[in-house]
Each structure stands twice: as C-alpha cells, then as structure tokens.
Amino acid sequence: MTLFDDRKRTAPLASRLRPSSLEEFAGQAHLLGEGKILRQLIERDQISSMIFWGPPGVGKTTLAGIIAGRTNADFINFSAVTSGIKEIKEVMNQAEGSRRMGIRTVLFVDEIHRFNKAQQDAFLPFVERGSIVLIGATTENPSFEVNAALLSRCRVFVLKALTEEDLEKVLSHALKSPNGFGPQNVRITKEQLAAIAAFANGDARTALNTLEMAVTNGEISEEGILVTNAGLEQCISKKSLLYDKNGEEHYNLISALHKSMRNSDPDAAIYWMCRMLEGGENPLYIARRLIRFASEDVGMADSHALQVAVAAYQACHFLGMPECDVHLTHAVVYLSMASKSNALYTACETCKQDVRNLRAEPVPLALRNAPTRLMKDLEYGKGYEYAHDTEEKLTHMECMPESLSEREYYHPTAEGEEKEIGDRLERIKEWKKK
C-alpha cells in the first residue's frame with residue numbers, strides 16, 4: 001500500500017459516481033426509457049455504429065461505459081485528442097484480426113469531431129466491412145463535423161441537456177451514496193440543491209463538481225458538514241441563489257425586458273437582460289424571446305430586426321457565456337430602437353380566432369392543384385390566373401373562401417418601413433376594386 005493507492009476515495013466526485021448500469025443513469029428517457037430503441041439495443045447487445053450528440057455532461061461517455069460493461073465484444077476506448085492516423089491503423093489492424101476469429105470490436109471515440117477528414121476516412125473501410133462497431137461522442141453537430149460517408153453508416157442519437165429535476169436527483173444521490181458524501185452527514189437545503197442544479201445548466205458533471213466544492217467549503221462540526229449560503233456563493237454566482245428559472249422572478253424579469261424594449265428604452269432593457277444573465281439564465285432562452293419580439297413588436301416596420309435576433313441566437317449558440325453577452329446586448333438595443341408595429345401579431349391572433357371558431361372552408365377550386373386527370377375532370381385549378389402573365393403582376397382572382405372574402409387580418413401601421421408596405425397594399429386593393 002502507498003499513499004497513491006486510494007484512488008477511488010480521492011477521485012473527483014463525478015468520476016466516483018459515474019453510473020455503471022442503465023438503472024443508475026439519469027435523464028435521456030426519450031432514448032433509455034422502457035421500450036425505447038437505444039435501451040433495447042444495449043440490453044440485447046445488438047449495438048450498431050452510432051454517434052451520441054449532445055452538450056457536455058449529459059452522459060455520452062457514461063453510456064459508452066455501460067455498453068462496454070454489457071457487450072460481449074472487445075471494447076476499445078479511443079480519444080480523438082491524443083490519437084493520430086498511426087494509432088488508428090494499429091487499432092484497426094487489431095480489430096481486423098479479432099473479426100477473423102469471430103470476435104466483434106466496439107470502438108468508442110470520444111470527441112470524434114476533433115478528428116480531421118483523413119483521420120475519419122481511416123475508419124470508413126473497417127466500419128463498412130464490419131471489423132468495428134463505431135460509437136462516437138460529440139458536442140458538435142455531426143452533420144457538419146463528421147464525414148458524410150461515415151455519418152451515413154452511423155445512427156445518430158441526440159442526448160438532451162438534463163433537466164433541473166434530473167440534476168437534483170443526481171445531487172441527492174451523491175449526498176446518500178457511499179461513494180459520495182453518504183458517510184459524512186452533509187447538511188444542505190433543498191433551495192441550495194436547486195441553486196446548484198440551476199447553475200449547472202443541464203450538465204451533471206458541473207453539478208457534481210459544484211456540490212463537491214460547496215461541501216469542501218462547508219462548516220465542519222461534530223454533527224457533520226453544513227453547507228452555508230456564504231460558502232455556496234463562492235462556488236456559483238451569488239444571485240443564482242435568488243433566481244428561480246421556473247418561478248415568478250423568472251417571468252417578472254423576462255416581462256420587464258420585453259416591455260422595456262417595446263417602450264424603446266434600451267437602458268432598462270439592457271439592465272433586465274443583465275439581471276437574467278447574472279442570475280444564471282440560459283442565454284439561448286433570452287435569445288429565443290428576442291426572436292419572438294422581433295416579429296411580435298417590430299414586425300414589418302423593420303424586417304431586419306428578425307435577422308439581428310436570429311444572428312444573436314446563433315452567436316450565443318456558437319460562443320456561450322460569458323462571451324455572448326455582448327451579442328445579446330446588440331440585439332436588445334437594436335430591438336429597443338427599431339420602429340415598432342404589432343400588425344403581424346394582431347393579424348395572426350385574429351386569423352387564429354376565425355380558424356378555431358368558424359367552419360373549415362374548402363379551398364377554392366382555382367387554388368387547388370390538379371396533378372391527375374381525375375382532379376382536372378373535377379375542375380381542380382379551374383379559373384386559376386397566373387399573376388406573372390400580367391403586366392401588373394396582379395389578378396382579380398379571389399384567394400379567400402367565399403364566406404370570408406371581406407375579411408382583412410393585416411392592417412399595416414405607418415411606422416418605419418411598414419408605411420411603404422401599407423401604401424403598396426392600398427394600391428393593390430384599389431386596383432382589384434376596379
């Protein structure tokens with residue numbers, strides 16, 4: 001025995017608590033629930049080449065470990081970070097030899113997106129021959145990061161970020177498990193666990209690392225270890241303790257942001273946005289609300305607003321926090337200062353009421369497609385007028401159902417670019433009346 005033999009006790013909490021069976025695995029019920037396809041493949045040991053795609057800390061490597069424990073095949077763990085073409089060929093030759101002896105080889109490649117095209121191509125002939133069953137794990141979209149030829153031979157399973165409920169279960173298990181803090185009598189409140197789960201943002205590894213730091217900074221007494229708010233504040237954002245992403249404060253802040261932008265107040269809008277970010281809000285949630293605002297409150301008055309909002313979402317997706325805060329600020333200020341119109345929103349809401357409350361009117365014959373002789377005999381498409389055949393690019397054809405021919409949903413405002421659109425719409429209506 002040496003000082004370095006007790007590795008399990010000194011290993012990080014996330015490593016000590018890594019699940020070894022499907023029963024211990026948290027989250028991904030859409031793939032691993034009873035009767036779900038991935039669970040069946042694992043339980044039957046019928047694994048085919050596949051790629052696990054999902055954010056960090058959701059169980060991609062853990063799933064590979066569970067498969068390793070259940071399969072009768074040789075299991076090789078391979079890292080795209082430390083391996084090159086030479087190592088790939090050595091492993092492939094070993095797998096080819098095993099295949100000739102009737103032994104399957106399951107090759108797990110962590111961070112497969114880090115392999116370049118040549119390295120990925122090296123796998124292809126062995127996957128095609130069945131020498132290996134390839135399991136790749138990636139945080140990046142495999143459509144862009146994995147060669148099309150290799151991707152077409154793999155099944156892609158999308159792993160989702162863990163819910164806060166999933167994370168709280170993981171944390172509770174860590175407090176009770178003999179491999180975790182079970183023997184140490186850690187005292188921590190439900191509110192503190194919820195704050196850690198919110199801070200982790202779907203990442204079980206982050207949640208467990210944060211819990212480990214909080215316990216390390218706890219107050220030690222004869223009764224055990226007490227996790228205090230002060231100690232927890234050293235591990236996560238202080239305001240995360242006060243911000244419940246599912247509670248009233250969450251909705252109050254997003255409401256304040258939305259109404260500040262609607263009122264063309266960029267300073268207030270920036271303030272409420274920063275409050276949400278400092279509280280641990282997912283920047284992608286804020287970006288999604290900005291996209292909604294761009295059409296609901298700006299609309300045709302400035303159609304560039306939607307482009308700016310979507311670009312901000314993409315920037316948040318590419319960079320994440322803390323770098324993406326300036327992109328959100330860009331979009332918030334643009335939306336605050338843009339000309340405002342809710343004409344699209346009111347048009348949509350009014351039309352939805354008619355669709356829900358009135359009978360479903362048949363499509364006018366002139367607007368129906370007629371790809372078959374029978375449809376033509378039934379006069380599908382009769383009376384259709386092709387606008388491009390006219391000088392004005394307009395026809396007098398009625399596109400609304402007869403009972404709704406007088407209905408108008410879109411009423412342009414005189415704000416920004418929408419004034420010109422409204423003038424054009426009036427000219428079109430006048431032309432059709434003649």
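Is Ala 149 buried, exposed or partly exposed? Hi everyone, let's take that one straight away, and bear in mind that this is a predicted model. Ala 149 has a relative accessible area of 33%, and buried would need under 20% while exposed would need over 50%, so Ala 149 comes out as partly exposed.

Staying with that residue for a moment, Ala 149 belongs to helix α9, which covers residues 148-151. If you'd like a partner to look at, try Ala 204: it sits 55 residues from Ala 149 along the chain, and 33 Å separates their C-alpha atoms.

Now let's zoom out to the whole chain. The protein chain contains 21 helices along with eight strands. Its radius of gyration is 29 Å, whereas the globule rule gives 22 Å for 434 residues; the value is well over that, so the chain is more spread out than a compact globule. For the overall dimensions, picture a box of roughly 100 × 60 × 40 Å along the principal axes, filled by the C-alpha atoms.

What about the inside and the outside? Buried residues make up 41% of the 434 in the protein chain. The chain exposes about 24800 Å², and 52% of that area is supplied by carbon and sulfur atoms.

On to contacts. If we take those between residues at least 6 apart in sequence, 72% join residues at least 24 apart.

Last topic, charge. There are 52 positive and 60 negative side chains in the protein chain, and the centres of these two sets are 5 Å apart. Thanks for listening, everyone!

Technical notes
Residues numbered from 1 in each chain as written. Predicted model: local features only at pLDDT ≥ 70, side-chain atom pairs only at ≥ 80, totals over all residues. Heavy atoms only, no water. Helix = DSSP H or I, 4+ residues; strand = E, 2+ residues; numbered from the N terminus. Rg over C-alpha atoms; globule rule 2.2 N^0.38 Å. Buried < 20%, exposed > 50% of the residue type's maximum accessible area, 1.4 Å probe, protein only. Contact = heavy atoms within 4.5 Å. Areas by Shrake-Rupley, 256 points an atom, 1.4 Å probe, with all protein chains shown as cover. Lys, Arg positive; Asp, Glu negative; His and termini not counted. Charge placed at Lys NZ, Arg CZ, Asp CG, Glu CD.
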